Amino acid sequence: MKMHATNIAFLLTICVSTLIQPGAAAFTYLAGYEPLTDVEEHSEIDLDANAIMATGTAGLQTTATGGVVNTPYGDGLGETCGATCLVGATCVAGDPATGKGCDFGEVDTVAATPFPCTGDFSSGASNKPGAVGHADNEAAVLPCIGPSLTYTANVLAYDIWKGGKNSATRSLAGFSYGAKTKSSGNGVSTDVDYKDNKHIAIMNAYWKNKGLNEYTWGYDMIKAAFDGTTIGDLNFATVGRDFRQEAIQKGMLYLNLYPYVIWEMQDQINDCNAGSKTANDDNSVHAWDEAVAFWAGSTVGTENPTSSDGSLLYALAEKRAGNFKTYDETVGSSVVAAEILKLFTSGKTYARACTPATSGNPSNDMVKLDEHMDKIATHMLTPFVQGVMRYLYKTKDEASAKEAGELWAFATVMLPFIDHVNPTAAEMLYQRAWKLDFSTNTYEEIKSAVEGTYGGLGAGAGVGLVNCEAVGDLYDVELLVSKGTCYSSGDDSIAKWLIAVIFFLVLTFVILIGAVVFLAVKKQNIQKSYDQVLISKGGNMRPVSV
């Protein structure tokens, strides 16, 4: 079997890394990446995602005040609700104004109150923070985001998103809450705070322009989906439960988790520039390892290709590759996942070197690591773009609440980057995904406009990595349904006509050049013959040009 040069280089990188790190501790590989530090707890954030997405068990929950709240979906988002909650429909049961009529998570105003950071949880519903009717919630002013107390039975999806369940180090909500002040805390000029990271700053600027909180937009969006409330131009009370389910289960990964993966890479760069880590020490790569853990998850296999794709961003790359036929046959996984893994592995070498900045100037190692961060963050956009294209196609004729919700999730993570390249293209997609306008612009118009931004997506050294070849063409199993990526979809007769015209013009030009050359040669031959005749007949007669 032939191996690409890039794959050979990848294997050599692993071998060299092994040789220069003889004392490396053995930790579980993540989709082919070898962490040098213990990030098992971090990787288990995917167990929270799985619990949130799972269909729960019906049951009743007794509140602190003695009331009974029906929680038909247990710890998961549950089944879809059918025709009564299609996109554009106002739920007919319960309170349509707040969206509770869809029975989505059954969170009331008390449950929606942020968790207290301290308090006695020995009494109240199920002894857990955030429980419906828990008295301590009513007095809470600031949310307590992150690892929570031990849960008992019947945990709501909202609780898990907000406070965490399986990972003792993080919660999905916590990734995006507090974004305004998130920092490495080194107190040096080389530190780049969360909000100022070049990729995250693009997202912040866009959503600020749309009237959302500049820093906590990701947290606010998912909370609005849980609560059934309005955020920006979208009212989650009237989009249907199916839409909200997709917004939550995809949005929590794309809008909460993705930016945090970028932040962990930035945190690694910050710590090394500040000199707060020991050079050439395994422990120095912890933040870099965390980035991989949050990208891959704990349920992903140890090798690439894996025995299990897991449920986080690595899994998304593999799933979309199946839709767009963008697999690397020499590796057996998606092209983009293979590229990201190569960059994570080679970046680990620079992270371990961890050379501090000199007089405020980053070392060459950190310049290289910054370039790796840019490329990884931009490569991760490819599956999001594929998601946009897939659900633009699926909603082009008729939009179900489920598919409209999926389009919303993919479009929402991509809109800032598209807007950074072409605001007109972004607005076309925004009108469809957020304002649910399926008539002003056609599928073909939006598709073409978005494709036109590919070359400028991302930031820094990553710009240019998203392209037509990386995205590919959309298939329904083996049936090609979106012909000619980066051209008009469907009937490509216009493209064929243009090719034919170009071919005709080129052929005509070649014929004309040939005719000119032929006539020039013929004239030269006639001149020579005429000269010979004059010389043979006139002796000293001089040839005359004709």
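Is D397 buried or exposed? D397 is exposed, with a relative accessible area of 68%; its surroundings appear in Figure 6. The legends below describe close-up views of a predicted model.

**Figure 1. Overall composition of the predicted protein chain.** The protein chain contains 19 helices and eight strands. Of its 546 residues, 49% are buried. Its accessible surface amounts to about 23,600 Å², and carbon and sulfur atoms account for 57% of that area. When contacts between residues at least 6 apart in sequence are considered, 69% of them join residues at least 24 apart.

**Figure 2. The largest nonpolar core and its most connected members.** This core comprises 119 residues, among which Y258, W295, F344 and W434 touch the most other members. Helix α9 (residues 241–274) provides the largest share of the core, with 16 residues. Apart from neighbours within four places in sequence, Y258 is in contact with M203, L253, L313, A377, M380, L381, F384, V413 and F417.

**Figure 3. Surroundings of W295 in helix α10.** With a relative accessibility of 1%, W295 counts as buried. Residues up to four places away in sequence being left out, W295 touches V261, L312, L313, Y314, A337, I340, L341, F344 and M380. One of these partners, Y314, lies 19 residues from W295 along the chain, and the C-alpha atoms of the two are separated by 6.0 Å. F344, also in the list of contacts of W295, is itself one of the residues that touch the most other members of the largest nonpolar core.

**Figure 4. Acidic residues D289 and E290 of helix α10.** D289 is found in this helix, which spans residues 286–296. D289 is buried yet has no salt bridge; K348, the nearest side chain of opposite charge, is 6.0 Å away. The cut-off for a salt bridge is 4 Å between a side-chain nitrogen of Lys or Arg and a carboxyl oxygen of Asp or Glu. Beyond its neighbours within four places in sequence, D289 is in contact with Y33, P35, L36, T37 and V39. E290, by contrast, meets R170 in a salt bridge between their side chains, at 3.0 Å from N to O. Because E290 belongs to helix α10 and R170 to the loop between α5 and α6, this pair ties together parts that are 120 residues apart in sequence. E290 counts as buried, at 6% relative accessibility.

**Figure 5. The salt bridge between D282 and R352.** The closest N and O atoms of these two residues are 2.8 Å apart. D282 is located in the loop between α9 and α10, whereas R352 belongs to helix α12 (residues 335–353); the pair thus links distant parts of the chain, 70 residues apart. Both partners are buried: D282 has a relative accessible area of 14%, and R352 has one of 13%.

**Figure 6. The salt bridge between D397 and K396, with further charged groups.** In this pair the closest N and O atoms are 3.3 Å apart. D397 is exposed, while K396 counts as partly exposed, at 29% relative accessibility. Elsewhere, E246, K250, K402 and E406 are linked in a network of salt bridges. The model has 16 salt bridges in total.

**Figure 7. Helix α8 and the elements packed around it.** Helix α8 covers residues 217–227, and ten of its eleven residues are buried, so the helix is largely enclosed by the rest of the structure. The buried residues are W217, G218, Y219, M221, I222, K223, A224, A225, F226 and D227. They pack against α5 (157–163), α6 (172–176), α7 (198–209), β3 (230–231), α9 and α15 (401–421). Just after the helix, G228 takes a positive phi of about 75°.

**Figure 8. A nonpolar patch on the surface.** The patch is formed by I502, V506, F509, V510, I513, V517 and V521, which together have about 630 Å² of accessible area. I502 is placed in helix α19 (residues 493–538). At 52% relative accessibility, I502 counts as exposed, because the cut-off for that class is over 50%.

Notes:
Residues are numbered from 1 along each chain as its sequence is written. This is a predicted model: local features need pLDDT of at least 70, side-chain atom pairs count only at pLDDT 80 or more; totals for chains, interfaces and linings use all residues. Side-chain values use heavy atoms; hydrogens and water are left out. Helices (H or I, at least four residues) and strands (E, at least two) are DSSP runs, numbered from the N terminus. Buried means under 20% relative accessible area, exposed over 50%, partly exposed in between (1.4 Å probe, protein chains only). Lys and Arg count as positive and Asp and Glu as negative; His and the chain ends are not counted. Contact means heavy atoms within 4.5 Å. A nonpolar core is a set of buried Ala, Val, Leu, Ile, Met, Phe, Trp, Tyr and Cys residues joined through side-chain atoms within 4.5 Å. Accessible areas come from the Shrake-Rupley method with a 1.4 Å probe; for residues, only the protein chains shown count as cover. Patches are made of residues with over 30% relative accessible area and no salt bridge: like charges are joined within 9 Å, nonpolar side chains (Val, Leu, Ile, Met, Phe, Trp, Tyr) within 5 Å.
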